[in-house]
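Welcome, and thank you for taking a look at this protein. Please open the view below and keep it beside you as you read.

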Amino acid sequence: MLCVGLLSLTAPAVAQDAGPYAPIGMRMGGFRLFPTLDVTANYDNNIYRTQTATRDDYYFLENPGFTLQSQWGRHQLDLFGAFNAYQYASLTSENHNDWNIGGNGRLDVVRGIDLAGGGSYGVLHEARTSPDQPGFAKTPTEFAMSQANAVLEYHPYHFGFSVGGTYARYDYNPTTLIGLPSLNNADRNRDEYVGYAKGSYEFSPGYAMFVQGNYRDVGYDLLIDRNGARRANNGYSVNAGLEMLVTDIVKGQIFVGYLDQHYHAPLVNVKGFNFGANVDWSASPLWTFHLAASRTLNGTTIAGASAEDDRMVRLGVDYSILRNVMIQAHFSYNDSVFNGSPREDKYPEAGIGVNYLMNSLMTATLAYAHQERNSSISGQGFTDNTVSVGLNFHL
């Protein structure tokens with residue numbers, strides 16, 4: 001799986017019907033600015049995510065960010081940015097900074113026709129959980145990520161049609177190794193293009209069926225990678241599903257389909273059942289349930305493997321003890337199959353946390369997370385536990 005330090009780009013999660021505790025932002029002409037600052041103290045009992053000779057440490061994470069949202073009657077323009085500073089007490093080689101900035105918008109051409117798009121650029125670091133991060137890396141691998149997307153949507157009364165595309169660019173710095181020369185990652189630099197067309201039909205208010213076809217093309221800067229394989233690939237997927245659009249109780253989408261991605265021999269093709277879901281269910285004013293699921297093909301440097309084929313499902317629940325106190329818990333399971341290789345990694349993960357909305361400006365958090373990797377390759381497993389306490393400031 002593509003493991004990076006994720007950036008918090010929006011205001012902290014708040015309890016349902018937060019009322020006076022909800023961020024109000026700052027009016028700036030036709031925009032409203034929502035600045036945030038998250039500060040957390042963390043303890044991690046397995047910083048390097050190793051099976052043996054584990055190292056623990058305390059670290060601080062400072063995460064300032066902002067979202068600037070337009071308040072216009074027509075059209076839309078949002079800008080966002082975030083910065084993550086990781087500072088370790090003892091293992092200072094793990095210190096690093098991540099940042100990301102971008103925006104998205106929508107142009108209401110005429111009634112029923114919209115043109116939307118966006119983009120972002122960030123400098124991130126590969127997490128220690130990544131199978132492409134060597135266990136003897138001195139520091140996490142830094143890489144730059146650029147993204148862009150555009151879609152033209154036509155949505156008359158009950159029908160909807162859209163055509164669009166996405167672009168992502170990955171540029172990896174060399175990995176600094178312990179006692180060895182740096183590892184050149186030029187063979188990981190790549191461009192990923194996805195084009196798609198989608199049709200939908202709203203058969204009941206707030207509910208629509210859809211069919212979507214995608215074409216994906218991945219090109220690498222180098223023709224041959226470190227293992228002598230040609231990594232460039234292309235393929236398609238076709239999905240059909242259900243969208244819950246504006247209902248008060250259930251929001252999101254769920255789909256099933258078929259994917260077929262082609263690779264150069266001796267790498268094997270990847271094909272078969274495809275699926276995805278992102279659903280929020282407000283069962284009551286106190287309970288909200290979340291379901292997320294996906295099958296994702298990620299690039300990898302594992303010898304003989306065409307791709308890291310991640311099949312993930314995540315279940316979450318929010319329970320509001322009081323109007324300003326929420327308990328959040330989740331469980332996820334990711335099965336990473338390295339197609340063409342004997343390696344298979346399984347990641348069970350669980351966590352629980354409490355958010356206390358002190359006032360409209362500040363939220364206190366306490367969280368615990370447990371993660372494991374059970375690998376078919378000896379020595380590649382790990383168990384990790386993290387405890388964090390923090391303050392989230394938001395306007």
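The paragraphs that follow go from the overall build to particular residues and their partners.

Before anything else, please keep in mind that this is a predicted model. The protein has 19 strands and zero helices. Its radius of gyration is 22 Å, close to the 21 Å that the globule rule gives for 395 residues, so the protein is as compact as a globular protein of that length. If you follow the C-alpha trace along its principal axes, it spans about 60 × 45 × 35 Å. Of the 395 residues, 43% are buried. Contacts also reach across the sequence: among those between residues at least 6 apart, 57% join residues at least 24 apart.

Gly-118 is a good place to see this on a small scale. You will find Gly-118 in strand S6. Once neighbours within four places in sequence are set aside, Gly-118 is in contact with Gly-103, Asn-104, Gln-147, Ala-148 and Asn-149. Asn-45, by contrast, lies 39 Å from Gly-118, C-alpha to C-alpha, with their positions 73 residues apart in sequence.

Now let us turn to charged side chains. How many salt bridges does a search of the whole structure find? The search finds 18. One of them pairs Asp-44 with Arg-49, whose closest N and O atoms are 2.9 Å apart. Both of these residues are buried.

Another salt bridge joins Arg-188 to Glu-126, at 2.8 Å from N to O. This pair links distant parts of the chain, 62 residues apart: Arg-188 belongs to the loop between strand S8 (159-172) and strand S9 (190-204), while Glu-126 belongs to the loop between strand S6 (113-125) and strand S7 (142-154). Are the two partners buried or exposed? Arg-188 has a relative accessibility of 5%, so it counts as buried. Glu-126 is buried as well, because its relative accessible area is 2%. Arg-188 has an aromatic partner too, since its charged end sits over the ring of Tyr-172, 4.0 Å from the ring centre. A similar arrangement can be found at Arg-190, which lies over the face of Tyr-170 at 4.3 Å from the ring centre.

A further salt bridge brings together Arg-231 and Asp-225, with 2.9 Å between the closest N and O atoms. Arg-231 counts as buried because its relative accessibility is 3%, and Asp-225 is buried with a relative accessible area of 9%. Elsewhere in the list of salt bridges, shared partners join Arg-169, Asp-171, Asp-191 and Asp-221 into one network.

Two of the arginines you have just met come together around Thr-301, including Arg-188 and Arg-231 among its contacts. Thr-301 is found in the loop between strand S14 (287-298) and strand S15 (308-322). Leaving out residues up to four places away in sequence, Thr-301 also touches Asp-132, Arg-226 and Asn-227. With a relative accessible area of 14%, Thr-301 is buried.

Next come the nonpolar side chains. In soluble globular proteins, nonpolar side chains tend to be buried together. Which residues form the largest nonpolar core here? Its seven residues are Ala-229, Leu-259, Tyr-263, Leu-267, Val-270, Leu-297 and Ala-307. Ala-229 touches Leu-267, and also Leu-223 and Ile-224, not counting residues up to four places away in sequence.

Aromatic rings are the last stop. A pair of aromatic rings is described by the distance of the centres and the angle of the planes. The count comes to 13 aromatic pairs. In one of them, the rings of Tyr-154 and Phe-161 have centres 6.4 Å apart and planes at 15°, so the pair is stacked. Tyr-154 is partly exposed at 40% relative accessibility, and Phe-161 is partly exposed at 45%. Trp-287 and Phe-289 make another stacked pair, 6.0 Å from centre to centre and with 5° between the planes. These two residues are also partly exposed, with relative accessible areas of 36% for Trp-287 and 32% for Phe-289. Ring pairs carry on from there, linking Trp-287 and Phe-289 with Trp-281 and Tyr-319 into a cluster.

Key. Residues are numbered from 1 along each chain as its sequence is written. This is a predicted model: local features need pLDDT of at least 70, side-chain atom pairs count only at pLDDT 80 or more; totals for chains, interfaces and linings use all residues. Side-chain values use heavy atoms; hydrogens and water are left out. A salt bridge is a side-chain nitrogen of Lys or Arg within 4 Å of a carboxyl oxygen of Asp or Glu. Buried means under 20% relative accessible area, exposed over 50%, partly exposed in between (1.4 Å probe, protein chains only). Helices (H or I, at least four residues) and strands (E, at least two) are DSSP runs, numbered from the N terminus. Contact means heavy atoms within 4.5 Å. A nonpolar core is a set of buried Ala, Val, Leu, Ile, Met, Phe, Trp, Tyr and Cys residues joined through side-chain atoms within 4.5 Å. Rings of Phe, Tyr and Trp (its six-membered ring) pair if their centres lie within 6.5 Å; planes under 30 degrees apart count as stacked, over 60 as edge-to-face and the rest as tilted. A charge sits over a ring if NZ of Lys or CZ of Arg is within 6 Å of the ring centre and within 35 degrees of the ring normal. The radius of gyration is taken over C-alpha atoms; the globule rule is 2.2 Å times the number of residues to the power 0.38.
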